[in-house]
Amino acid sequence: MTERGRDSVSRGPAHLAVGDSLLHWQGDRLEIDIEEQAIWLGVPFHPPVRGKVVIEPEMWSGQRFALDPAGRHYWRAFAPRARIRVEMERPGISWSGTGYLDGNQGSEALEEGFADWQWSRAHLGEEAAVLYEGVWRDGSSFASALRFDAQGHGQEESLPMGAPLPATRWLMGRRTRADRGHARVVGTWEDSPFYARSAVASRLFGREVLAVHESLSLDRFRSPIVQWMLPYKMPRRV
């Protein structure tokens, strides 16, 4: 995030504040207080965005998984299954449903280690499944299928068949894994020149699932054209 300076950020063992927005733990529940204002050339041009998101984990996982042989990139599913509640004051909308909480950690920029990746997560009854695959910067590929039991312990499963998906409007390639190699895009929430986030329906490990799916092209991300466009989407402090 490049639109704020160091003085706007503070953190501690149980909180992270960025400007007027705050992530903080209340017991085993993560609360995200949102207080944001869209600004263009120093002038507010939209009503403020204000509300709260509450994430209540249904399982915890202490495992982390290396994404590259050199151990420069790790992924961890803190809560592979969770309940989520969204209560927005502005705009006045609210909903609740299923969710998860994960994180990435690395000692180098993502575009230095990867050319692209495909990721998805789905609930399997009381369990959860995560599919991870992609291409490292040296051109070799990786893929893994993880299954988390009701206690949050994850183990690798045999990879399901590859399942092609249609490209996005930005011609971002998408692919996943599924039983018998069949999957379909139900909807696309985020569609950009280098990133797409979608809902994908398939059959996985013998269950009908609706997965959250993302495609990320780091080759596109680091291209000069996209780097030139990014400040218009995410302002940068001088």
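Me: Why is Trp 170 called partly exposed?

Reply: In this predicted model, Trp 170 has a relative accessibility of 44%. Buried means under 20% and exposed means over 50%, with partly exposed in between; Trp 170 at 44% therefore counts as partly exposed. Trp 170 is placed in the loop between β15 (161-165) and β16 (174-178).

Me: What makes Trp 170 part of a nonpolar surface patch?

Reply: A residue in a patch needs over 30% relative accessible area and no salt bridge, and nonpolar side chains are joined within 5 Å. Trp 170 has 44%, and the patch of about 620 Å² is made by Trp 170 together with Ile 225, Trp 228, Met 229 and Tyr 232.

Me: Why is Leu 171 called exposed?

Reply: The relative accessible area of Leu 171 is 64%. The cut-off for exposed is over 50%, so Leu 171 counts as exposed. Leu 171 also lies in the loop between β15 and β16.

Me: What is notable about phi of Leu 171?

Reply: Phi of Leu 171 is near 60 degrees, which is a positive value in a residue other than glycine. Arg 180 also has a positive phi, near 65 degrees, and is likewise a residue other than glycine.

Me: How do you know whether Arg 180 is buried or exposed?

Reply: Arg 180 has 56% relative accessibility. Exposed requires over 50%, so Arg 180 counts as exposed. Its place is the loop between β16 and β17 (183-191).

Me: What makes Glu 31 and Lys 52 a salt bridge?

Reply: The distance from N to O between these side chains is 3.1 Å. A salt bridge needs a side-chain nitrogen of Lys or Arg within 4 Å of a carboxyl oxygen of Asp or Glu, so the pair of Glu 31 and Lys 52 qualifies. Glu 31 belongs to strand β4 (residues 29-36) and Lys 52 to strand β7 (residues 49-57), so the salt bridge ties together parts that are 21 residues apart in sequence. Arg 29, Glu 31, Asp 33 and Lys 52 are linked in a network of salt bridges, and the structure holds 17 salt bridges.

Me: Why is Glu 31 called buried, and why is Lys 52 called partly exposed?

Reply: Buried means under 20%. Glu 31 has 10% relative accessibility, so Glu 31 counts as buried. Lys 52 has a relative accessible area of 23%, which places Lys 52 between the cut-offs of 20% and 50%, and Lys 52 is therefore partly exposed.

Me: How do you know that Glu 58 forms a salt bridge with Arg 81?

Reply: The closest N and O atoms of Glu 58 and Arg 81 are 3.0 Å apart. The limit is 4 Å, so the pair counts as a salt bridge. This pair links distant parts of the chain, 23 residues apart, with Glu 58 in the loop between β7 and β8 (65-66) and Arg 81 in strand β9. Glu 58 is partly exposed at 39%, whereas Arg 81 is buried at 13%.

Me: What makes Arg 85 and Glu 87 a salt bridge?

Reply: Their closest N and O atoms are 2.8 Å apart. Because the limit is 4 Å, the pair meets the condition. Arg 85 is partly exposed at 32%, and Glu 87 is partly exposed at 38%.

Me: Why is Ser 21 called buried, and which residues are in contact with Ser 21?

Reply: Ser 21 has a relative accessible area of 11%; since buried means under 20%, Ser 21 is buried. Ser 21 is placed in strand β3 (residues 21-26). Leaving aside neighbours within four places in sequence, Ser 21 is in contact with Leu 16, Asp 33, Ile 34, Glu 35 and Glu 36.

Me: What makes the pair of Ser 21 and Glu 36 a polar contact?

Reply: The side chains of Ser 21 and Glu 36 are joined at 2.5 Å. A polar contact requires N or O atoms within 3.5 Å, so the distance of 2.5 Å satisfies this limit. A polar atom of the Ser 21 side chain also lies 3.0 Å from the backbone nitrogen of Glu 35.

Me: Which residues touch the most other members of the largest nonpolar core?

Reply: Of the 24 residues in this core, Trp 75, Phe 114, Trp 119, Val 130, Tyr 132, Phe 148 and Phe 194 do so. β12 gives the most to this core, with four residues.

Definitions and conventions: Residues are numbered from 1 along each chain as its sequence is written. This is a predicted model: local features need pLDDT of at least 70, side-chain atom pairs count only at pLDDT 80 or more; totals for chains, interfaces and linings use all residues. Side-chain values use heavy atoms; hydrogens and water are left out. A nonpolar core is a set of buried Ala, Val, Leu, Ile, Met, Phe, Trp, Tyr and Cys residues joined through side-chain atoms within 4.5 Å. Buried means under 20% relative accessible area, exposed over 50%, partly exposed in between (1.4 Å probe, protein chains only). Helices (H or I, at least four residues) and strands (E, at least two) are DSSP runs, numbered from the N terminus. Patches are made of residues with over 30% relative accessible area and no salt bridge: like charges are joined within 9 Å, nonpolar side chains (Val, Leu, Ile, Met, Phe, Trp, Tyr) within 5 Å. Accessible areas come from the Shrake-Rupley method with a 1.4 Å probe; for residues, only the protein chains shown count as cover. Contact means heavy atoms within 4.5 Å. A polar contact is a pair of N or O atoms within 3.5 Å; within protein, one must be able to donate a hydrogen and the other to accept it, and residues adjacent in sequence count only if both atoms are side-chain atoms.
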